[in-house]
Amino acid sequence: MWIGVLSRLRERAEKLTTPVAEKVAKAGISPDSLTFLGLVTGTISALLFAQENQLWGAVFLLLCGGLDAIDGAVARISGQVTRFGGVLDSTVDRYVDFFVIAGIVWGDPPEILGLSGCCLLYTSPSPRDRG
């Protein structure tokens, strides 16, 4: 059951991200550039959360997620899929996860500490990330 649900969600996400990724690839923006831009926006998000600015922290986190959603599609569309790019993407994702969780904890530690610990367990690398 869950596999079918996840497959349908992936198909819907691809319908949204593919047109954007095609335009980005046509503009000549590399997938690795998008990954690094995601690191920058994720770090800004973490800093905003640490300053207890949840609204703008969430906006930058959504932007970071959008960049993460299209970098792989841009790589596939532009024929720039590499093992290095996959490892870079996974590594940057883990750093962003850590930074955002740390920013949330820094900004509001007592209420969120337990949830953040659970999130850290989630962010451990999967076998796919390790190559």
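This is a guided tour of a predicted model, stop by stop, with what to select and what is found there.

**Before selecting anything**

Residues are numbered from 1 along each chain as its sequence is written, and because the model is predicted, local features need pLDDT of at least 70, side-chain atom pairs count only at pLDDT 80 or more, and totals for chains, interfaces and linings use all residues. Side-chain values use heavy atoms, with hydrogens and water left out.

**Whole chain**

Colour the protein chain by pLDDT, which is the predictor's confidence in each residue, from 0 to 100. The chain averages 85, and 81% of the residues score at least 70. Confidence is highest in helix α2 (residues 31-50), at a mean of 96, and lowest in helix α5 (residues 109-122), at a mean of 57.

Switch to a cartoon view, and the protein chain shows 5 helices and 0 strands, in the pattern α-α-α-α-α when read along the sequence. Helices (H or I, at least four residues) and strands (E, at least two) are DSSP runs, numbered from the N terminus. Buried residues make up 28% of the 131 residues in the protein chain; buried means under 20% relative accessible area, exposed over 50%, and partly exposed in between, with a 1.4 Å probe and protein chains only. Among contacts (heavy atoms within 4.5 Å) between residues at least 6 apart in sequence, 72% join residues at least 24 apart.

**The cores**

Select Ala21, Val24, Ala25, Leu34, Leu67, Ile70, Ala73 and Val74, the 8 residues of the largest nonpolar core. A nonpolar core is a set of buried Ala, Val, Leu, Ile, Met, Phe, Trp, Tyr and Cys residues joined through side-chain atoms within 4.5 Å. Helices α1 (2-26) and α3 (54-78) each supply at least two residues of this core, and α3 gives the most, with 4 residues. Centre next on Ile70, which, leaving aside its neighbours within four places in sequence, is in contact with Thr17, Val20, Ala21, Val24 and Leu34. A second, separate core has 7 residues, including Cys64, Val92, Val96 and Val100.

Stay beside Ile70 and pick Thr17, which lies in helix α1 and is buried, with a relative accessible area of 17%. Not counting residues up to four places away in sequence, Thr17 touches Ala69 and Ile70.

**Helix pairs**

Two packed helices are described by the angle between their axes and the distance between the axes. Here axes are lines fitted to C-alpha atoms, for helices over the stretch in contact, and angles run from 0 to 180 degrees between N-to-C directions.

Show α3 together with helix α4 (residues 83-107), whose axes come within 12 Å and cross at roughly 170 degrees. That angle makes α3 roughly antiparallel to α4, where angles under 35 degrees count as roughly parallel, over 145 as roughly antiparallel, 65 to 115 as roughly perpendicular and the rest as oblique. Leu61, Cys64, Asp68 and Asp71 in α3 meet Asp89, Asp93, Val96 and Val100 in α4, and the residues of this contact divide into 4 nonpolar, no polar and 4 charged. In this division Ala, Val, Leu, Ile, Met, Phe, Trp, Tyr, Cys and Pro count as nonpolar, Asp, Glu, Lys and Arg as charged, and the others, Gly among them, as polar.

Replace α3 with α2, and the axes of α2 and α4 are 7 Å apart, at an angle of about 5 degrees, which makes α2 roughly parallel to α4. The residues of the contact of α2 with α4 divide into 14 nonpolar, 8 polar and 2 charged.

**Single residues**

Is Asp71, in helix α3, buried or exposed? Asp71 is buried, with a relative accessible area of 4%. Leaving aside its neighbours within four places in sequence, Asp71 is in contact with Pro31, Leu34, Thr35 and Asp89, and a distance drawn between the C-alpha atoms of Asp71 and Thr35, 36 residues apart along the chain, gives 6.3 Å.

Move to Ser45 in helix α2, which is buried with a relative accessible area of 0%. Beyond its neighbours within four places in sequence, Ser45 is in contact with Gly57, Phe60, Leu61 and Val100.

Also in helix α2 is Leu37, partly exposed with a relative accessible area of 42%. Leu37 and Cys64 are 27 residues apart in sequence and 7.8 Å apart in space, C-alpha to C-alpha.

End at Glu52, in the loop between α2 and α3, which counts as exposed at 52% relative accessibility. Most residues other than glycine have a negative phi, whereas phi of Glu52 is near 60 degrees, a positive value.
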